[in-house]
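Please look at the packing of the interior and at the aromatic rings of the chain shown here.

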Amino acid sequence: MTAVGTTTWAIPEGYIPSGGTGPEPEMLSHETACILNAGDEDAHVEITLYFADREPAGPYRVTVPARRTVHQRFNDLTDPEPVPRDTPYASVIRSDVPVVVQHTRLDSRQAENALLSTIAHPT
């Protein structure tokens, strides 16, 4: 199969609210990088976070097996440090093989939840 996507993606907007309503983990406010690896080789992915007032965090490492998808919640990234809540950030996602990245956010701070999803920017 021919791989689809590219090896570098950017998500210029990120924010994880500290509060939420509803049952966890399903309705916990979160940011997610949905990563599709349609190729025949595992994708070794690095995520680096950028902030307005401090040095970057990361890289966080994720493996996406060949011909699979991983929906990586930023809330679950802890090594080398947890992703801060209530703090704006941006992310750059690099892979050693082409992948496709979509960004999704669930904001459950109020009972009327909001879900946002958009394709990341390929570079």
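The report below covers the basis of the model, the nonpolar core and the aromatic rings.

## Basis

This is a predicted model, in which local features need pLDDT of at least 70 and side-chain atom pairs count only at pLDDT 80 or more, while totals for chains, interfaces and linings use all residues. Residues are numbered from 1 along each chain as its sequence is written, and side-chain values use heavy atoms, with hydrogens and water left out.

## Nonpolar core

Among the 24 residues of the largest nonpolar core (buried Ala, Val, Leu, Ile, Met, Phe, Trp, Tyr and Cys residues joined through side-chain atoms within 4.5 Å), those touching the most other members are Val45, Ile47, Leu49, Phe74, Val83, Ile93 and Val101. At least two core residues come from each of strands E1 (6–14), E2 (30–37), E3 (43–50), E4 (57–64) and E6, strands being DSSP runs of at least two residues, numbered from the N terminus; E6 gives the largest share, five residues.

## Aromatic rings

Two aromatic pairs (ring centres within 6.5 Å; planes under 30 degrees apart stacked, over 60 edge-to-face, the rest tilted) are found in the whole structure. Phe51 and Tyr89 form a tilted pair, 6.4 Å centre to centre with 55° between the planes; because Phe51 lies in the loop between E3 and E4 and Tyr89 in strand E6, the pair ties together parts 38 residues apart in sequence. The rings of Phe74 and Tyr89 are also tilted, with centres 5.9 Å apart and planes at 35°.

Phe74 is buried (under 20% relative accessible area, 1.4 Å probe, protein chains only) at 1% relative accessibility, and Tyr89 is buried at 5%.

Methods:
Buried < 20%, exposed > 50% of the residue type's maximum accessible area, 1.4 Å probe, protein only. Helix = DSSP H or I, 4+ residues; strand = E, 2+ residues; numbered from the N terminus. Phe/Tyr/Trp six-rings, centres within 6.5 Å; stacked < 30°, edge-to-face > 60°.
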